[in-house]
Amino acid sequence: MKEVTSISISSSLRKLLAYATAMDRINKEYKAYIQEENRKLYAWQEDGQFVGCIGISFINTYECEIKHIAVLPEERGKHIGRQMIQFVLHHHALKRITAETDIEAVEFYRKFGFKIISLGEKYLGIERFQCEYEENNRFKIV
């Protein structure tokens with residue numbers, strides 16, 4: 001994992017962020033990661049290519065929100081997403097992580113140990129979920 005600090009966004013990172021945010025918001029979100037102190041973007045590389053990314057926003061010293069998390073479809077199922085969350089937890093000594101997501105990602109967060117709370121139909125016809133992870137529920141990878 002490496003922190004992304006480049007002012008310009010690479011095409012491979014743009015592709016990853018497109019899985020986690022609307023196309024018209026990618027440049028704005030990327031700029032926020034580069035310019036805002038409380039936001040960090042990390043990328044997972046394999047064979048010199050970005051295959052995953054995780055973007056976080058710190059709420060305080062021990063708590064953050066996952067703003068974006070994405071893994072290339074052909075790389076999914078290899079525990080890259082899990083390892084990225086583990087990295088963020090340990091690298092920043094976090095006690096709590098939250099994320100808002102859709103139904104497609106709920107099981108991913110549940111398997112990691114997040115508590116899932118329905119937010120109802122937040123957008124027309126789209127149910128959203130709040131995912132909350134606390135240190136005392138820490139999932140350990142063996």
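**View 1. Serine 8, in the loop between β1 and α1.** In this predicted model, serine 8 sits out in the open: its relative accessible area is 52%, so it counts as exposed, the cut-off being over 50%. The loop that holds serine 8 runs between β1 (2–3) and α1. For a distance to check on screen, try the C-alpha atoms of serine 8 and lysine 28, which are 12 Å apart. Along the chain, that pair is separated by 20 residues.

**View 2. Helices α1 and α2 crossing.** Two packed helices are described by the angle between their axes and the distance between the axes. Here the helices are α1 (residues 11–20) and α2 (residues 26–35), with axes that come within 10 Å and cross at roughly 110°. That angle falls in the 65 to 115 degree range, so α1 is roughly perpendicular to α2. Which residues meet at the crossing of α1 and α2? From α1 there are Leu13, Arg14, Leu17 and Ala18, and from α2 there are Ile26, Asn27 and Tyr30. Sorted by class, this contact has five nonpolar residues, one polar and one charged.

**View 3. Tyrosine 33 and arginine 39, a helix residue and a strand residue in polar contact.** Tyrosine 33 belongs to helix α2, while arginine 39 is part of strand β2 (residues 39–46). Buried or exposed, for tyrosine 33? Tyrosine 33 is buried, with just 4% relative accessible area. Arginine 39 may carry a charged side chain by class, but arginine 39 is buried too, at 8%. Their side chains are joined by a polar contact of 3.4 Å.

Now for the surroundings. Skipping residues up to four places away in sequence, tyrosine 33 touches Arg39, Lys40, Leu41, Gly55, Ile56, Lys67 and His68. With the same kind of neighbours left out, the list for arginine 39 is Glu29, Ala32, Tyr33, Ile56, Ser57, Lys67 and His68. Ile56, Lys67 and His68 turn up around tyrosine 33 and again around arginine 39. Between the C-alpha atoms of tyrosine 33 and isoleucine 56 there are 8.5 Å, for a pair 23 residues apart along the chain.

**View 4. Two positive phi values outside glycine.** Most residues other than glycine have a negative phi. Aspartate 47 goes the other way, with a positive phi of about 55°. The loop between β2 and β3 is where aspartate 47 lies, and a relative accessible area of 82% makes aspartate 47 exposed. Histidine 79 also has a positive phi, near 70°. That residue is in the loop between β4 and α3. How much of histidine 79 is accessible, in relative terms? The value is 44%, so histidine 79 is partly exposed, between the 20% and 50% cut-offs.

**View 5. Glutamate 75, a buried residue in a loop.** Glutamate 75 is found between β4 (63–71) and α3 (80–91). At 14% relative accessibility, glutamate 75 is below the 20% cut-off and therefore counts as buried. What joins the side chain of glutamate 75 to that of lysine 78? A polar contact does, at 2.9 Å. Setting aside neighbours within four places in sequence, glutamate 75 is in contact with Glu46, Val51 and Ile80.

**View 6. Glycine 81, buried in helix α3.** Glycine 81 is part of α3, and its relative accessible area of 9% puts glycine 81 in the buried class. Not counting residues up to four places away in sequence, glycine 81 touches Ile69, Val71 and Phe108. Cysteine 53 is 28 residues from glycine 81 along the chain, yet their C-alpha atoms are separated by 8.2 Å.

**View 7. The largest nonpolar core, and tyrosine 109 within it.** This core has 38 residues. Which of its residues have the most contacts inside it? They are Leu13, Ile54, Ile66, Ile85, Ile97, Tyr109 and Phe114. Strand β3 (residues 49–60) supplies the largest share of the core, six residues. Zoom in on tyrosine 109 and, leaving out neighbours within four places in sequence, its contacts are Ile66, Ile69, Ile85, Ala99, Thr101, Phe114, Ile116 and Cys131. Of those, Ile66, Ile85 and Phe114 are also among the core residues with the most contacts.

Technical notes. Residues numbered from 1 in each chain as written. Predicted model: local features only at pLDDT ≥ 70, side-chain atom pairs only at ≥ 80, totals over all residues. Heavy atoms only, no water. Helix = DSSP H or I, 4+ residues; strand = E, 2+ residues; numbered from the N terminus. Buried < 20%, exposed > 50% of the residue type's maximum accessible area, 1.4 Å probe, protein only. Polar contact = N/O pair within 3.5 Å; in protein donor to acceptor, adjacent residues only side chain to side chain. Contact = heavy atoms within 4.5 Å. Core = buried A, V, L, I, M, F, W, Y, C linked by side-chain atoms within 4.5 Å. Axes fitted to C-alpha atoms, helices over the stretch in contact; angles between N-to-C directions. Parallel < 35°, antiparallel > 145°, perpendicular 65-115°, else oblique.
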